[in-house]
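Trainee: I've just opened this one and I'm not sure how to read it. Could you walk me through a few features?

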Amino acid sequence: MVQGGGVPDSIDRPKQYVQRRCDEAAKLAKIIGDLKKRKINRESSILGNFRQLSTNSELESLPILCLSAGTSHLPQLMSEDGLPIWESLACASYLAEHHGLFQDVYVETTSYDTIGNAYFARTTHADVNGWRHILVITSEFHLRRTKTIFDWIFLLCDNEVRNGNEYQLFYLSTPNIGLPKDVVEARKEREAKSEQMVREKVIPRYQTLRGVWLFLNKSHALHTASKLVERAKGKRDTSASDAVKKKLW
């Protein structure tokens, strides 16, 4: 799973630091593809801790799920025919254009933050496809909060062990390329505050997928119907949580 981040510059040009995330996903997909084609021993150290990702013999290649519709803080990039170019779509286009990956690349186009990334990745894609060994790729500045949230959604919420079919999550960080040092430091500070809030205040309150669904659809500014109507009418949301207001999500 490749985290989106920032409004793309064009259909096949996500932000530079997001491109690095895509590059790492492409490298791993090609390694696993070669393992299957050449029937190399899957215990090869080349995959290190991620070798379990290649153990499903029914898969011809490694599925890559690009995450995120966009951000709530900036306007969407629009296509010539007036449709939004999702962050995940730009990642998929980059993978096709720069790595020749067309098959088994998918897009998640519902979420606008990391909680949404994890929730819709699980409920819309992973649960129904039986994807149980998952590698999440994001930038170094974003990794800690990403791990806290994905571990919560995938490992804590409604994750009873069913015949050994529980989730196993792995994480890979990529360099913060393309971001000035002061921006990275500011992002790290904000990320740390948000991670603490999620860990201390949100996770203890919502420990089921149903609970997270209620949070998204009754409290979240980008998923709650009434808040979306107000936003569309040009009214500022005055009832969103402080976390959403402060852009900590």
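Mentor: Sure, and let's begin with a term: two residues are in contact when they have heavy atoms within 4.5 Å of each other. Keep in mind that this is a predicted model. Among contacts in the protein chain between residues at least 6 apart in sequence, 69% join residues at least 24 apart.

Trainee: How many helices and strands does the protein chain have?

Mentor: There are eight helices and four strands. Follow the sequence along and the pattern reads α-β-α-β-α-β-α-β-α-α-α-α.

Trainee: And what share of the residues counts as buried?

Mentor: Buried means under 20% relative accessible area. Here 46% of the 249 residues of the protein chain fall in that class.

Trainee: Let's look at helix pairs. At what angle do the axes of α4 and α5 cross?

Mentor: Take α4 as residues 143-156 and α5 as residues 181-202; their axes cross at roughly 20 degrees and come within 8 Å. Angles under 35 degrees count as roughly parallel, so α4 is roughly parallel to α5. The crossing is left-handed.

Trainee: Which residues meet there?

Mentor: On the α4 side you'll find Arg144, Arg145, Thr148, Ile149 and Trp152, and they meet Glu191, Ser194, Glu195, Val198, Arg199 and Val202 of α5. Sorted by class, this contact has five charged, four nonpolar and two polar residues.

Trainee: What about α3 and α4: at what angle do they pack?

Mentor: Helix α3, residues 114-129, packs with α4 at about 40 degrees, and the axes are 9 Å apart. This time the crossing is right-handed. Among the α3 residues in the contact are Thr114, Ala118, Arg122 and Ala126, while the α4 side includes Arg145, Ile149, Trp152 and Phe154. The whole contact divides into 10 nonpolar, three polar and two charged residues.

Trainee: Now cysteines. How many disulfides are there?

Mentor: A disulfide is a covalent bond between the sulfur atoms of two cysteines. For this model the count is zero.

Trainee: Why does Cys91 have no bond to Cys22?

Mentor: To count as a disulfide, the two sulfurs must lie within 2.5 Å. The cysteine sulfur closest to that of Cys91 is in Cys22, but at 3.7 Å it is too far for a bond. Cys91 counts as buried because its relative accessibility is 1%. Cys157 is buried as well, at 0%.

Trainee: Can we try single residues? Where is Gly6, and what does Gly6 touch?

Mentor: Look in the segment before α1, which spans 16-38. Setting aside neighbours within four places in sequence, Gly6 is in contact with Lys15, Tyr17 and Glu87. With a relative accessible area of 24%, Gly6 is partly exposed. Gly6 also shows how folding brings up distant parts of the sequence: Leu74 is 68 residues away along the chain, yet the two C-alpha atoms are separated by 8.5 Å.

Trainee: One more, please: where is Gln207?

Mentor: Gln207 sits in the loop between α5 and α6, the latter being 209-218. At 39% relative accessibility, Gln207 counts as partly exposed. Not counting residues up to four places away in sequence, Gln207 touches Trp152, Leu156, Cys157 and Asp158. You've met Cys157 already, as a buried residue. Finally, the C-alpha atoms of Gln207 and Ile153 are 8.2 Å apart, with their positions 54 residues apart in sequence.

Note on methods: Residues numbered from 1 in each chain as written. Predicted model: local features only at pLDDT ≥ 70, side-chain atom pairs only at ≥ 80, totals over all residues. Heavy atoms only, no water. Axes fitted to C-alpha atoms, helices over the stretch in contact; angles between N-to-C directions. Helix = DSSP H or I, 4+ residues; strand = E, 2+ residues; numbered from the N terminus. Parallel < 35°, antiparallel > 145°, perpendicular 65-115°, else oblique. Left-handed = near helix turned anticlockwise from the far one by under 90°. Nonpolar A, V, L, I, M, F, W, Y, C, P; charged D, E, K, R; others polar. Buried < 20%, exposed > 50% of the residue type's maximum accessible area, 1.4 Å probe, protein only.
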